[in-house]
Amino acid sequence: MKVAWAGSRHAVEVADRMACLVASDPVFRKDTRTMLSRKELFKDTLKKAAHAWKRTVELHLTEEEANLLRLYIDQPGYVDLHWVMFVPAIKGQGTEEQQKKWLTMAYKFQIIGTYAQTELGHGSNVQGLETTATFDPSTDEFIMHSPTLTSSKWWPGGLGKTSTHAVVYARLITEGKDYGIHGFIMQLRSLDDHSPLPGITIGDIGGKFGSGAYNSMDNGVMRLDHVRIPRDQMLMRLAQVTREGKYVHSDVPKQLLYGTMVYVRQTIVADASRALSRAVCIAVRYGAIRKQFGSKAGGPETQVLNYKTQQSRLFPFLASAYAFRFVGQWLKWLYTDVTQKLESKDFSTLPEAHACTAGLKSVTTSATADAIEECQKLCGGHGYLNSSGLPELFAVNLPACTYEGDNVVLLLQVARFLMKTVSQVASGKQPVGTTAYMGNIQHLMQCKSVVNTVEDWLNPAAIKEVFEARALRMAVNCAQNISKAPSQEEGFSELSPDLVEAAVAHVQLIIVTKFIEKLQEDILGHGVKEQLQKLCGIYALHLIHNERLGKLYAQVRPNAVALVDAFDYTDHYLGSALGRYDGDVYSALYKEAWKDPLNETVVPDGYQEHLRPLLKQQLKLSRL
Ligand SMILES: CCCCCCCCCC/C=C\C/C=C/C(=O)SCCNC(=O)CCNC(=O)[C@H](O)C(C)(C)COP(=O)(O)OP(=O)(O)OC[C@H]1O[C@@H](n2cnc3c(N)ncnc32)[C@H](O)[C@@H]1OP(=O)(O)O
Ligand SMILES: Cc1cc2nc3c(=O)[nH]c(=O)nc-3n(C[C@H](O)[C@H](O)[C@H](O)COP(=O)(O)OP(=O)(O)OC[C@H]3O[C@@H](n4cnc5c(N)ncnc54)[C@H](O)[C@@H]3O)c2cc1C
């Protein structure tokens, strides 16, 4: 099962090696992280990042190994933005010459970069950004400027205190005309003493939700006051400004400007499955240790994992973790495929890639955030302690519902793609890829489900048909209602809640389909495929209705702990007293409690000033 989860034996081996490297290095300790002040936490993040880079160089780690090392360190920081957004933005939007210049420095960490798109006034509406980049032909420079308070860059990770450079998104103005949003490479801080360059006001935007968690990241604010940069720092793969100031657009779709977001959304699906699997691992292992109540006859107490209510709340998350993992592996393939096509100037699959990445990012991160919260409840009171690992896991993953595109905004993009496809089907065009099922419209609009029993839900063809019929009917229903509205725009707006539901149904179909396709592969190991079939059935059935699932849960229960062990997480990475591999939960919880700064003294600080006078006064009063 470990191989099925990781994707290959090689993947299991590299992941194990990197996880152990992190777990055995004292610099990467994180057990007291939630007790650090913001300043201490930030400094700790700088220390870990520098140490990780040192180890990467010393051990000559490959890119794959270095990425895993970063992942297992498990502390959001400026390096994430550098590798996941700054470098890909230059790769995707820079010319070969620009890539050679900037990536050479970025790969060696001679510069640290971030991705500065969002502003105080606009995040979702990228075309509404206000920062300007005005070309000055007299000096061959762009003047970068924040004309209003709301145009202040706001949120970019690493911007606050760390980044020396950024890809800044701004409205390009040349020859008096506004050509809309484009990317520019800007140096922000001196490479000598790290002070902001003239005209740049920069700082951190303040503390965020939860202790520890995303507070390790210096999300930043930046104002630009007529800062000049050379013309060749405009990312010029998609469009150029000539020496004379003439705007020239290449013959590529302008949406490629959004390419970095497509790339990152794809990686976020993999992050979501990982976060969900961590929460499930904690809740399942703890559920096998925790006992409450026994039989009336005085028998042994029951493991809480054996309660049917616990199983019906928890096992759909276990199934979802596997489902998201497999769809994430497929999405990575889709992204590679579309990138290769783009390189040979085939842009035909771009809209589908956008819809798939946006939709899957949205559905998997929302489900993951909800599930982590529920796992906390599934662990009872102990789940609420920081030492359970769950509060921090929740706080770190909650913003994934917002960053890289608000989940509702992204689902509306999927809905727009679906409405277009329905109208193409109506005019006789055969849809392809993930919307190919819509071509089977006659049958799917009328067919009746043959699913009656739990066993039917293990029949892939039956499952697929149910999900296809559901998704298609919801999409067609929306399209018909939109066509009755006074205008397409009004109809879309009025029906947006239904459109979001239709988009979710389509995305869930993709997830179910990719799970089924995974089951058709050669899967090694005795009983592995059978367990995955049951999980696929649970994932599908819990989305439709909750009846008849008990039988499947009973079949999964004997292997539940093994199914979470297959995630192959070290105790260090899991970071949970409740989810420990050895099950020694109570001693771990007890030990963790004593690490709290409040326990440094027996009598707390503040006793002399506040507690003692109060107690004394009350005592005096009672004696009067
Ligand atoms: C290994 C270590 C692990 C570590 C893990 C680290 C994980 C790191 C994660 C980093 C964490 C946090 C960083 C966060 C960064 C950010 O948040 S960056 C900012 C992200 N911002 C957004 O996502 C904004 C969302 N808004 C948009 O994307 C667009 O503005 C929106 C799509 C909503 C609307 O676009 P418009 O251009 O205004 O308009 P529209 O008319 O709707 O679209 C026109 C047309 O273009 C198509 N389209 C839109 N987007 C794309 C795209 N990305 N690709 C392709 N096509 C796109 C759209 O469908 C329309 O097509 P049509 O044919 O005309 O219908
Ligand atoms: C932790 C974190 C890290 C981030 N890192 C970065 C970064 O590194 N770089 C960067 O540039 N940005 C970053 N961001 C910003 C992030 O990308 C934006 O916050 C995100 O795109 C959402 O935009 P917004 O904040 O403007 O939300 P808004 O668009 O203001 O959303 C507010 C509400 O309005 C709704 N809404 C908005 N538009 C519509 C619509 N058309 N139809 C229906 N409902 C709508 C939304 O669903 C939401 O409920 C980060 C954000 C966070 C939280």
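The exercises below work through a predicted model of a protein with two ligands.

**Exercise 1. Overall dimensions**

Task: Decide whether the radius of gyration agrees with that of a compact globule.

Solution.
Step 1. The protein has 624 residues, and a compact globule of that length would have a radius of gyration near 25 Å.
Step 2. The radius of gyration of the protein is 27 Å, which agrees with the globule value.
Step 3. For the extent along the principal axes, the C-alpha atoms fill a box of roughly 90 × 80 × 60 Å.
Step 4. Buried residues are 44% of the 624.
Step 5. Among contacts with a separation of 6 or more, 72% join residues 24 or more positions apart.
Step 6. The secondary structure consists of 21 helices and 13 strands.

**Exercise 2. Domains and their contact**

Task: State which residue ranges form the domains, and describe the contact between domain 2 and domain 3.

Solution.
Step 1. The domain assignment gives domain 1 as 2–75, domain 2 as 87–250, and domain 3 as 259–292 + 302–432 + 457–565.
Step 2. The centres of domain 2 and domain 3, taken over C-alpha atoms, lie 34 Å apart.
Step 3. Twelve residues from domain 2 and twelve residues from domain 3 take part in the contact.
Step 4. On the domain 2 side, α5 gives the most, with four residues.
Step 5. By class, that side of domain 2 holds six nonpolar residues, six polar residues and no charged ones.

**Exercise 3. The two ligand shells**

Task: For each ligand, find how many residues surround it, which come closest, and which elements supply them.

Solution.
Step 1. Ligand 1 has 29 residues around it, and the nearest are Val-126, Gln-255, Tyr-258, His-354 and Gly-405.
Step 2. Two or more residues of this shell come from each of α4 (63–73), α5 (78–93), α7 (259–289), α9 (350–378) and α11.
Step 3. Of the elements around ligand 1, α7 gives the most, with four residues.
Step 4. Sorted by class, the shell of ligand 1 has twelve nonpolar, twelve polar and five charged residues.
Step 5. Ligand 2 is surrounded by 21 residues, with Gln-117, Thr-118, Gly-123, Ser-124 and Trp-155 the closest.
Step 6. At least two residues of the ligand 2 shell come from each of β1 (113–116) and α11 (407–426); the largest share, three residues, is that of α11.
Step 7. Eleven nonpolar, nine polar and one charged residues make up the shell of ligand 2 by class.
Step 8. Domain 2 and domain 3 each contribute at least three residues to the shell around ligand 2.

**Exercise 4. The nonpolar core**

Task: Find which residues have the most contacts inside the largest nonpolar core, and list the contacts of Leu-318 beyond its sequence neighbours.

Solution.
Step 1. The largest nonpolar core has 170 residues, and Ala-279, Val-280, Leu-318 and Cys-375 have the most contacts inside it.
Step 2. The element that gives the most to this core is α7, with 16 residues.
Step 3. With neighbours within four places in sequence set aside, Leu-318 contacts Val-280, Val-284, Leu-535, Ala-560 and Leu-563.

**Exercise 5. Positive phi: buried or exposed?**

Task: Locate His-60 and Asp-74, and say whether each is buried or exposed.

Solution.
Step 1. His-60 is not a glycine, yet its phi is positive, near 50 degrees.
Step 2. The loop between α3 (38–58) and α4 contains His-60.
Step 3. His-60 counts as exposed because it has 8 C-beta neighbours inside 10 Å, and the limit for exposed is 12 or fewer.
Step 4. Asp-74 also has a positive phi, about 65 degrees, without being a glycine.
Step 5. Asp-74 sits in the loop between α4 and α5.
Step 6. Asp-74 counts as buried because it has 20 C-beta neighbours inside 10 Å, and buried requires 20 or more.

**Exercise 6. The surroundings of Val-528**

Task: Determine the exposure of Val-528 and which residues it contacts beyond its sequence neighbours.

Solution.
Step 1. Val-528 belongs to helix α16, residues 528–544.
Step 2. There are 16 other C-beta atoms within 10 Å of Val-528, so it is partly exposed.
Step 3. Apart from neighbours within four places in sequence, Val-528 is in contact with Met-1, Ala-4 and Ile-523.
Step 4. From Val-528 to Leu-563 the sequence separation is 35 residues, and the C-alpha to C-alpha distance is 9.6 Å.

Conventions. Residues are numbered from 1 along each chain as its sequence is written. Chains are lettered from A and ligands numbered from 1 in the order in which they are written. This is a predicted model: local features need pLDDT of at least 70, side-chain atom pairs count only at pLDDT 80 or more; totals for chains, interfaces and linings use all residues. The radius of gyration is taken over C-alpha atoms; the globule rule is 2.2 Å times the number of residues to the power 0.38. Two residues are in contact if their C-beta atoms, placed from the backbone, lie within 7 Å. A residue is near a molecule or strand if its C-beta atom, placed from the backbone, lies within 6 Å of it. Ala, Val, Leu, Ile, Met, Phe, Trp, Tyr, Cys and Pro count as nonpolar, Asp, Glu, Lys and Arg as charged, and the others, Gly among them, as polar. Domain bounds come from an automatic or database domain assignment. A nonpolar core is a set of buried Ala, Val, Leu, Ile, Met, Phe, Trp, Tyr and Cys residues joined through C-beta atoms within 7 Å.
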